[in-house]
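Reader: I would like a close look at one part of this structure, namely the place where the two chains meet and the elements beside it. Please take me through it slowly, and then set it within the rest of the chain.

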2 protein chains.
Amino acid sequence: MNRFPTAQVLNVHERFFLIDCGEGTQLQLRRQRIKLGRLNHIFISHAHGDHLFGLFGLVATLNLLGQQSDIHIYGTKSLETTLQHFRENYWQDLRFEVIHHPINTKVNQVIFENNSMTVETIPLKHRIPTCGFLFKERPWKKNIIKSKIQEYNISVKDIQRIKEGENLILENGEIINNDKLTEKPFKSRSYAYCSDTAYNTKIIPIIENVDLLYHESTFLSKDASLAKSTGHSTAEQAAKIAREAKAGKLLLGHFSARYKNDSIFEEEAKKVFEESIVVNDGDQFPIPLSRNT
Amino acid sequence: MNRFPTAQVLNVHERFFLIDCGEGTQLQLRRQRIKLGRLNHIFISHAHGDHLFGLFGLVATLNLLGQQSDIHIYGTKSLETTLQHFRENYWQDLRFEVIHHPINTKVNQVIFENNSMTVETIPLKHRIPTCGFLFKERPWKKNIIKSKIQEYNISVKDIQRIKEGENLILENGEIINNDKLTEKPFKSRSYAYCSDTAYNTKIIPIIENVDLLYHESTFLSKDASLAKSTGHSTAEQAAKIAREAKAGKLLLGHFSARYKNDSIFEEEAKKVFEESIVVNDGDQFPIPLSRNT
């Protein structure tokens, strides 16, 4: 065991999104050779130290490394006083702004969107205001079959229209159906991050059909009452959420230090949901592209 | 390279004293299997993140692990607002107090004493108020030679007197000189911690004859002007301090990330002071006991 506290990096087309920032995050980022210059957005699920206390040093280090572009932090309102304390006492000489976007953890809403994806909050049940994050790729456009461009001498303008789903009308009036010109588009991929939380079936419709689900499993079933009283989940409960949400894969983490052996978490979860995996520091989980059928 | 930021543990007769507390300190303490229950005193040289940002999580973890006894922090006055921020926002449920003992970094004075040692401040020159710490064992009492106790049938009361240096007077009036009854006492050992600081010869009389000296060496001589402007030292300067102070050994650390190779620091220092050593995460340096001659 002896893991670092929580932090994850989501790589979306080589832009990096940091999810939670436990102590030691900057060390792990360096060890994993993540390009820090491509990291501008940090999502904080809740203001407990094991998800937050790496932020203070990370911001200082980004500055040392010559970062110029602003850092955007998405976290609960309570974070503001801490950010302000560090702005006033430790971050006086930053070349960039640390901008806080306070989020309401009680509702499911989009808090970020760009060209390639959206981020939604997932309301969670913990001892303090907490939410998870759902990252969704935007719909991919159809891919035009390259040989068809030559075959029909298709103009750039028409290529665009065909990608949007239109048919091609040849000069002789013949209509070539869109299906004959295009491949099915890639499926939009999604990732859901749910930590820390008690067992909460209300999140199931929000994360339905997610490709990859990280769900905390601090405890084993034999300590379910402890999980409930501390606002955490068991491996079995995490697996139930994954099964009901029809997730592609379930990643398990945030294990209590009381257990000496990780593999039991995987065993317990697999009884409910076969695609369950215990994660270790530095593990990577690519979500492969696949086409709609 | 890729080291953790600064933190050191001094083991004085199995009581542990933490010196600085950079991010990730609690992780390293666990990896080195330091008994956290024996750690109650934390000395912070200055309020820069790479010497401080591990404190917030360490205190929280000590509480999780069941710590009951108070934590005493020795640091600059400016630390108080940060400690108060964490007391109010993150350390509300501690079973112990986090007590701050503000120190004046501009003078050399004793700030801690117990049965076995004293701790003095070493005023340093850095960009913000900073001091080093000198840990000195108290003088050891003389050791009585065991065979002499039987030989002269010495009483417990007399043993105590002999250890203090007195002679033994036998019932027949004969005087046995103290030197014949005792071994020379152990030498008092000392450790000086000097980080961060520009080259500052004023510290030499304070740390004179120290057994083990840690002195920062952020830069190499070729970047001496950068060292000066940022309030740091070169390896050569650290070695000069060690030589002039007649230190036993010099430990070098706090290397700038601009250098890819540690060994150059040792090479540079050894030209001035042979007993120079580059330190790595987890290294231990015992100071062996030896008798006065």
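Author: What follows begins with the relation between the chains, goes on to the residues at their contact, and ends with the wider chain.

The model is a predicted one, and its two chains are best introduced together. Chain B is superposed on chain A by a rotation of 180° with 0.0 Å of shift along the axis, and the RMSD of that superposition is 0.1 Å. This is the relation of a two-fold axis. In chain B, the C-alpha nearest the axis belongs to Gly24(B), which lies 2.6 Å from it.

The contact itself involves 26 residues of chain B and 26 residues of chain A. Of the interface residues of chain B, 100% are also interface residues in chain A, so the copies meet through the same surface. Together the chains bury an area of about 2,000 Å² between them, and carbon and sulfur atoms give 53% of that area. On the side of chain B, the residues that lose the most area to chain A are Glu23(B), Phe53(B) and Tyr90(B), which together account for 33% of what that side buries.

Glu23(B) also appears when one looks across from the other chain, among the residues that Gln26(A) touches. Gln26(A) belongs to helix α1 of chain A, which covers residues 25-31. Setting aside residues up to four places away in sequence, Gln26(A) touches Gly57(A), Leu58(A) and Thr61(A) within chain A, as well as Glu23(B) of chain B. The relative accessible area of Gln26(A) is 9%, and because buried means under 20%, Gln26(A) is counted as buried. Gly37(A) is 11 residues from Gln26(A) in sequence, and their C-alpha atoms are 13 Å apart in space.

In chain B, helix α1 likewise covers residues 25-31, and Gln28(B) lies in it. Gln28(B) is buried too, with a relative accessible area of 15%. With residues up to four places away in sequence left out, Gln28(B) touches Phe4(B) and Asp281(B).

Strand β2 of chain B, residues 15-21, holds a residue with a notable backbone angle, Asp20(B). Most residues other than glycine have a negative phi. Asp20(B), which is not a glycine, has a positive phi of about 65°, and its relative accessibility of 0% places it among the buried residues. In chain A, a positive phi of about 65° is found at Glu14(A), again not a glycine. Glu14(A) sits in the loop between β1 (7-12) and β2 (15-21) of chain A, where it is partly exposed, with a relative accessible area of 41%.

Further along the sequence, each chain has a cis peptide bond, whereas most peptide bonds are trans. In chain A this bond joins Ser195(A) and Asp196(A), with omega at about -10°, and Asp196(A) is in the loop that runs between β13 (190-194) and α8 (204-207). In chain B the cis bond joins Ser195(B) and Asp196(B), where omega is also about -10°, and Asp196(B) is in the loop between β13 (190-194) and α8 (204-207) of that chain.

Helix α10 of chain A, residues 235-244, offers a view of the packing inside one chain, for its buried residues are Ala235(A), Gln237(A), Ala238(A), Ala239(A), Ile241(A) and Ala242(A). The cover over these buried residues includes α8, β14 (212-216), β15 (249-253) and α11 (263-270) of chain A. After α10(A) comes Lys246(A), whose phi is positive, near 55°.

These parts belong to a chain with 11 helices and 16 strands, whose C-alpha atoms fill a box of roughly 75 × 50 × 35 Å along the principal axes. Of the 293 residues in chain A, 51% are buried. Among the contacts of chain A with a separation of 6 or more, 65% are between residues 24 or more positions apart. The accessible surface of chain A is about 14,500 Å², and carbon and sulfur atoms supply 48% of it. Chain A carries 38 positive and 35 negative charges, and the mean positions of the two sets are 1 Å apart.

Technical notes:
Residues are numbered from 1 along each chain as its sequence is written. Chains are lettered from A and ligands numbered from 1 in the order in which they are written. This is a predicted model: local features need pLDDT of at least 70, side-chain atom pairs count only at pLDDT 80 or more; totals for chains, interfaces and linings use all residues. Side-chain values use heavy atoms; hydrogens and water are left out. Helices (H or I, at least four residues) and strands (E, at least two) are DSSP runs, numbered from the N terminus. Buried means under 20% relative accessible area, exposed over 50%, partly exposed in between (1.4 Å probe, protein chains only). Contact means heavy atoms within 4.5 Å. Accessible areas come from the Shrake-Rupley method with a 1.4 Å probe; for residues, only the protein chains shown count as cover. Lys and Arg count as positive and Asp and Glu as negative; His and the chain ends are not counted. The place of a charge is taken as NZ of Lys, CZ of Arg, CG of Asp or CD of Glu. Copies are superposed by least squares on the C-alpha atoms of residues with pLDDT of at least 70 in both. Buried area is the accessible area (1.4 Å probe) that two parts lose on being put together, summed over both.
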